[in-house]
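Trainee: Could you take me on a close look at one part of this model? I would like to follow a single loop and the elements on either side.

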Amino acid sequence: MTAKPAAAAARATVYGYPRQGPDRELKKAVEGYWKGKVTADALATTARELRRSNWRALADAGVHEVPTGDFSYYDHVLDTSVMVGAVPERHRAAVAADTLDGYFAMARGTQEVAPLEMTKWFDTNYHYLVPELGPDTVFTADSAKQVAELSEAVALRLAARPVLLGPVTYLLLSKPAPDADPGFEPLTLLDRLLPVYAEVLADLRAAGAEWVQLDEPALVQDRTPAELNAATRAYRELGALTDRPKLLVASYFDRLGDALPVLAKAPVEGLALDFTDAAAGNLDALAAAGGLPGKRLVAGVVNGRNIWINDLTRSLSTLGTLLGLADRVDVSASCSLLHVPLDAAAERDIDPQIVRWLAFAKQKTAEIVTLAKGLSQGTDAIAAELAANRADLASRAGSAIIRDPAVRERAAAVTDADARRSQPYPDRAAAQRSHLRLPLLPTTTIGSFPQTSELRAARAGLRAGRLDTAGYEERVRSEIREVIGFQEKTGLDVLVHGEAERNDMVQYFAEQLTGYLATQHGWVQSYGTRYVRPPILAGDISRPEPMTVRWTTYAQSLTDRPVKGMLTGPVTMLAWSFVRDDQPLGETARQVALALRDEVNDLEAAGTSVIQVDEPALRETLPLRAADRPAYLAWATEAFRLSTSGVRPETQIHTHMCYAEFGDIVQAIDDLDADVISLEAARSHMQVARELAAHGYPREAGPGVYDIHSPRVPSAEEAATLLRAGLEAIPAERLWVNPDCGLKTRGWPETRSSLENLVTAARTVRTEL
Ligand code: GLN
Ligand code: ZN
């Protein structure tokens with residue numbers, strides 16, 4: 001390991017920090033604003049306070065350069081759309097009337113206008129709002145937010161570096177506006193967009209920015225030569241500007257591959273690269289490209305996406321190697337710390353020994369500072385930190401908590417037959433038809449019903465000891481009665497129990513599985529004001545007892561219609577948790593799948609004829625590079641089948657996925673061998689139905705006709721129109737009618753009207769068949 005001091009003192013920095021505040025103050029303020037209980041001024045004050053305390057925390061921890069502009073009321077991609085003036089036609093009136101309300105109208109829609117489409121931010125669980133661009137898009141620079149936030153940090157006398165989404169990634173993440181040709185390529189707008197970036201850069205320089213970071217994570221995906229050319233052109237042009245700050249182009253989540261030489265040669269002053277295992281290959285590629293002579297390299301050696309402590313010795317060795325490859329090496333996390341919770345020290349319910357294995361944003365910041373110090377001053381300067389780190393790593397590696405021999409034996413004994421149903425799909429489908437006797441275009445929902453404030457209060461009461469288990473469970477049962485009664489009255493065909501007992505679709509199971517850790521405060525932004533607390537896959541996974549059976553059977557006891565059992569699939573259990581970094585993901589998935597298989601079999605034995613195993617995360621966990629995908633899809637689809645293949649042919653297995661763009665995994669969806677799939681489709685006008693049809697997908701499918709991400713109620717006519725569009729792709733015998741996703745984030749009034757309209761739409765369209 002290299003211990004000699006670097007030529008220039010290494011600086012510690014991060015690209016972004018959790019936005020919500022220690023007590024989710026931002027969520028409360030924004031939602032309060034939506035309800036009219038918090039004024040715009042009060043919201044702005046809360047936001048400014050949060051930014052200030054984050055910067056202070058970073059600076060006090062020893063971070064030399066703090067990020068600005070990473071803060072957002074809702075989403076940083078939406079902020080970028082505002083920055084470049086890309087407001088869709090349908091939102092212009094709202095934005096003109098009130099900037100803030102217009103902003104939220106783009107994010108959430110209003111009764112009159114639909115919001116922007118929302119999709120996954122690369123392979124994370126963060127969602128961004130997809131910019132809509134067309135040949136008529138006119139970009140105009142609005143640097144107000146970036147300049148204001150930089151000025152706040154400057155006023156605090158902090159060295160600050162504005163972080164912007166780069167122009168190439170911005171365009172690559174965009175989609176054609178509704179009135180544009182669907183084949184329109186937003187990247188063709190690059191020449192129009194660059195002058196706007198030039199203007200923003202000039203404004204930031206005038207406001208005191210020495211450096212500006214431009215994030216180009218889209219360049220870690222497989223890119224065509226034309227796209228790489230666009231990147232070359234973009235940075236040649238931005239680099240050639242005279243009135244600009246120094247430019248740091250950042251990438252993360254995977255290796256840069258062919259884009260590495262493009263950026264290395266670009267006339268910019270620095271690159272920020274991911275050097276974690278997720279981006280293996282960057283180090284060798286950088287060496288092969290001759291390094292970055294004369295440039296600044298920001299080395300993302302601390303994993304910004306998991307919650308395990310860093311191996312500081314190993315990172316120092318990587319940093320030592322990098323010292324020979326650039327003019328100056330600074331230390332950072334691999335990506336924004338937006339993707340991890342704030343502070344592991346807040347987890348008082350986790351064994352203190354285990355807490356020492358965990359690093360959230362605050363602990364990662366300390367690791368970054370330690371590494372920068374070690375790199376600048378030599379390892380002696382951080383001897384105590386290194387010793388403590390070695391001891392913590394050893395305590396984790398040797399702990400009995402993480403190894404269960406029975407689980408390992410069972411997983412090792414799995415055969416191919418265990419992951420296959422006893423009959424092929426067409427035979428099962430016939431058996432299910434005569435068993436279930438559903439009408440054409442059967443209606444159903446995705447599982448959850450509104451999580452009312454009484455329900456949340458009851459759960460909080462249970463946690464605080466104000467309510468006993470019996471009282472809480474009666475509360476849940478009464479909710480189930482209400483939900484079943486509503487569905488019967490509304491005329492839905494396949495009912496659900498409503499998931500009243502679940503705080504979250506992953507956490508609920510994680511709390512009942514051995515090997516998982518739950519956090520109390522580990523909130524991470526999912527989208528807008530929605531935060532989740534991903535549990536931690538810490539050890540080998542087993543199921544001590546049934547997890548859902550009593551709720552499903554209770555619901556079934558109240559009705560003659562089939563009640564769908566509801567589970568979260570193995571891939572999603574992994575994707576929405578923090579995963580182990582000490583064994584292959586496929587190994588962990590198989591352990592979870594076996595635990596779920598027992599639950600599926602128990603549900604069937606208790607009389608459940610329809611069981612849904614949700615896998616909304618199958619697509620999001622897809623590796624960013626095509627070369628890495630087959631191996632992932634092999635273990636992912638096997639894990640799903642392993643959990644669902646223990647049932648009889650007449651038991652109908654459903655799965656559910658959200659968030660568009662399924663084109664590239666239709667084969668994998670087919671390989672799940674589920675009988676029915678429901679998918680998000682309302683915002684994309686049933687695009688997914690056409691993709692399934694183009695693939696020749698042979699099974700039943702329910703592309704969503706009700707966008708549940710918005711409080712907007714779709715009319716029966718609107719739902720019927722979507723349904724007819726669905727019928728153009730999928731024959732009536734195989735088409736289901738359902739919302740895009742679960743209803744837990746919705747209120748009862750809009751849920752009631754929307755589902756009534758959905759059933760009316762199904763009835764209307766049935767008469768047209
Ligand atoms: N069954 C879950 C629900 O209805 C599915 C949620 C999801 O796909 N994200 O809430
Ligand atoms: Zn969903």
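Mentor: Happily! Let us start at methionine 686, which sits in the loop between β19 and α26; helices (H or I, at least four residues) and strands (E, at least two) are DSSP runs, numbered from the N terminus. Before going on, note that this is a predicted model, in which local features need pLDDT of at least 70, side-chain atom pairs count only at pLDDT 80 or more, and totals for chains, interfaces and linings use all residues. Residues are numbered from 1 along each chain as its sequence is written, while chains are lettered from A and ligands numbered from 1 in the order in which they are written.

Methionine 686 has a phi near 65°, a positive value in a residue other than glycine. Histidine 685 belongs to the loop between β19 and α26 too, and its phi is also positive, at about 55°, although it is not a glycine. That deserves a second glance because most residues other than glycine have a negative phi.

How do these residues sit with respect to their surroundings? Methionine 686 counts as buried because it has 23 C-beta neighbours inside 10 Å. The cut-offs are these: a residue is buried if 20 or more other C-beta atoms lie within 10 Å of its own, exposed if 12 or fewer, and partly exposed in between, with C-beta atoms placed from the backbone. Histidine 685 has 15 other C-beta atoms within 10 Å, so it is partly exposed.

Now widen the view to the elements that the loop connects. Strand β19 (residues 676–679), helix α26 (residues 687–695) and strand β20 (residues 700–703) make a right-handed β-α-β unit. Right-handed here means that, with the strands pointing away from the viewer, the path from the first strand over the helix to the second runs clockwise. The strands β19 and β20 run parallel and are joined by 4 bridges; two strands pair if DSSP finds at least two bridges between them. Across this pairing, valine 676 stands opposite glutamate 700 in β20.

Stay with β20 for a moment. From this strand, Glu700 and Gly702 point one way, whereas Ala701 and Pro703 point the other way. In a regular strand the side chains alternate between the two faces of the sheet. Glu700, Ala701, Gly702 and Pro703 are all buried.

For one more positive phi, look elsewhere in the chain: arginine 437, just after α17, has a value of about 55°.
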